[in-house]
Structures are given as structure tokens and as C-alpha cells.
Amino acid sequence: MKKIDFAIVISAEKCNPNGDPLNGGRPRQDFDGHGYMTDVCLKRKIRDRLQEMGENILIVPDYRISDGLRSIKDRVNAVEDLKIAEKKRDWETYRKKSCQTWFDVRAFGQVFAYKGADGSVSQPVRGPVSIGNATSLDVIDILDCCITKSINIDEPKSKNTEKGSDTMGFKHFIRKGAYVAYGSVFPYLAEKTGFAEEDLEKVKQAMINLLENDASFRRPSGSMSSTLYWWKHSSAIGKNSAIVHRSLNIKPAEEWPYYVCDPEEIQGVELEIY
């Protein structure tokens, strides 16, 4: 396997790309006013696309559970070889088997940290696929609007009240914006986890289809789109990732998709755009 660098550009309009639960669910924003989507949010979307492709995923949200298991510990304990390896404290076998069992472990890595039958388990797996936060190219404008539901969730305290306080709420969204996330795939770590070329192709397809089946109340269908820039190096070491990422020359724009891009050609690196 040869080194891969990539960039995901996400255009958004009148939606909430990634809400902050510590700020009332408003779109995430840094101190300079730029919006951002966390790496966890992006990896969640990639995991969802991989699960839809039939891959076995360890980190599964409640609404996507298909095996009836609701925690990492339960999912790990369901694999007999892992239970045996944990009991023997055979961590090399533990890490190897976990990578074989779950696609997202051998791709992104995982820290297994929980109370086991024979004490605490804290075994890290470092994955080859690395991705950072997506940050908006420009300062974002956040719009807030009050919404009401047509029916109470609970019975109102007063029978004279037509609607209870639970029928009121807020919806937060950005006016427009383009977000950029950069990442890399490192062959050395791929060898450690067993991440193969066919796995790499599946990750690429998941990134290409990042926003498929991802619409919601906060992200209406058609409000977001993404473009994948995929650099293939000529060797396992390749060029410096910072140089490759900066070659994208991406700037904010007034009209959809709210960015313009003029990628530079880098000798020994092939760029594909999806």
C-alpha cells in the first residue's frame, strides 16, 4: 500500500452541519466565528456508510444497532476469542482479533477501556486512517428560529392551557458555508492492523457517499453536498502531507458550492476528484 492524503469539502446551506450539545444544539463555532464539524462527526458518517455496505462496525449508535448489543463491552464479550485473550492477558492476540472482527477498528483504531472480568482493560489500537475537524472557510452566520409542535408530549398541568411549555423549541442553522477536513492513510499502520487495499477502496467509497442517507430534521435533503479530493503517492512514505493539503488552494465563494478550488500539481502525487 502507498500513502494516501485526502480532503473532504462539504458545502452547507440553511442547515446545521454539526450541533453542539453544550450550546443548545447550535452549529459548532470557534472563537474566531468559523464553523466546524468534529472528526467524530465525520467518522460517524463514514462508519454509517460502511455499515450500509455490509461491514461489521464496533461503534454503532442506538438507532443503527442490529445485534442487540448496546455497549463496546457487550460487543467485545460476544466474541469468544477476545474473551479468551482478555482472560490470558494476551494483548497482541486481543488487538489482532479486534482488527479482524471490526472494520472501523482496523481503519480508525480504538481504545478498549472498560472494566473486564479480571480487572481493567485498556488496550489501544492505532489505525491508519486519520481525519481532522472540518473547518469553514469563512465566518458563518447562525440563524435561530422558534418552532412549535402541534401537540403536547405530556398532558398540560392546567386543563385551561391549550399547549404546554414542551411544545416550544428552537431550530438553529447556518445561512451558508463550506467546510474542509484533511486526512491521511499511513501504510505502516495499515500493516499493523491488517488494513488492506480492498479496505482502502471501501473507505474511499464511503467518503464519496459521505452524505447519502444522512438527511435529518437539522440537515434537510439537498442542504449539504461533499467533494472528495484523493491524492495517491508514489511510495509508502510519499510527500509531506502539509505540502499536499496546502496545494488544494481552496477559497470561499459567494455562490453554491461556496468555495472555489485551484489544485496545484505535485510531482509524484496523483490527484483524483470525486
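**Group meeting talk: Glu-55 and the charged pairs of this chain**

Let me start with Glu-55, whose place is in the loop between α1 (39-52) and α2 (72-77). Please keep in mind throughout that what we are looking at is a predicted model. Is this glutamate buried or exposed? Its relative accessibility is 16%, and because buried means under 20% relative accessible area, Glu-55 counts as buried.

What does Glu-55 touch, once we leave aside its neighbours within four places in sequence? The contacts are with Leu-50, Phe-103, Arg-106 and Lys-202. With one of these, Lys-202, there is a polar contact from side chain to side chain, at 2.7 Å. I would also point you to Trp-102, which is 47 residues away from Glu-55 along the chain, although the two C-alpha atoms are separated by 7.7 Å.

Let me now step back to the chain as a whole. It has 274 residues, of which 45% count as buried, and its secondary structure comes to eight helices and 14 strands. The C-alpha trace spans about 65 × 55 × 30 Å along its principal axes. If we take the contacts with a separation of 6 or more, 69% of them are accounted for by residues 24 or more positions apart. The chain exposes about 15,100 Å², and 48% of that is supplied by carbon and sulfur atoms.

Next, two elements of secondary structure, beginning with strand β4, residues 34-37. In a regular strand the side chains alternate between the two faces of the sheet. In β4, Gly-35 and Met-37 point to one face and are buried, whereas His-34 and Tyr-36 point to the other and are not. This strand runs antiparallel to β8, residues 134-139, and three bridges join the two; within that pairing, Tyr-36 stands opposite Thr-135.

The second element is helix α3, residues 80-88, where Leu-82, Ala-85 and Glu-86 are buried. These three lie on the same side of α3, because they cover an arc of only 100 degrees around the axis. On the face turned away from that buried side we find the exposed residues Lys-87 and Lys-88, and just after the helix Arg-89 takes a positive phi of about 60 degrees.

That brings me to the salt bridges, of which a search of the whole structure finds 21. Consider first Asp-67 and Arg-75, whose side chains meet at 2.9 Å, N to O. Asp-67 counts as partly exposed, at 41% relative accessibility, while Arg-75 is buried, with a relative accessible area of 5%.

Within helix α7, residues 197-208, Glu-201 and Lys-204 lie three residues apart, about one turn of the helix, and their side chains meet in a salt bridge at 3.7 Å, N to O. Here Glu-201 is partly exposed, with a relative accessible area of 38%, and Lys-204 is buried, with 9%.

A further salt bridge, at 3.8 Å, N to O, brings together the side chains of Lys-232 and Glu-272. This pair links distant parts of the chain, with Lys-232 in strand β11 and Glu-272 in strand β14, 40 residues apart. Lys-232 is partly exposed, with a relative accessible area of 35%, and Glu-272 is buried, with 16%.

Finally, which residues are linked in a network of salt bridges? They are Arg-44, Asp-48, Arg-49, Glu-52 and Arg-64.

Terms used: Residues are numbered from 1 along each chain as its sequence is written. This is a predicted model: local features need pLDDT of at least 70, side-chain atom pairs count only at pLDDT 80 or more; totals for chains, interfaces and linings use all residues. Side-chain values use heavy atoms; hydrogens and water are left out. Buried means under 20% relative accessible area, exposed over 50%, partly exposed in between (1.4 Å probe, protein chains only). Helices (H or I, at least four residues) and strands (E, at least two) are DSSP runs, numbered from the N terminus. Two strands pair if DSSP finds at least two bridges between them. The arc is that of the directions from the helix axis to the C-beta atoms. Contact means heavy atoms within 4.5 Å. A polar contact is a pair of N or O atoms within 3.5 Å; within protein, one must be able to donate a hydrogen and the other to accept it, and residues adjacent in sequence count only if both atoms are side-chain atoms. Accessible areas come from the Shrake-Rupley method with a 1.4 Å probe; for residues, only the protein chains shown count as cover. A salt bridge is a side-chain nitrogen of Lys or Arg within 4 Å of a carboxyl oxygen of Asp or Glu.
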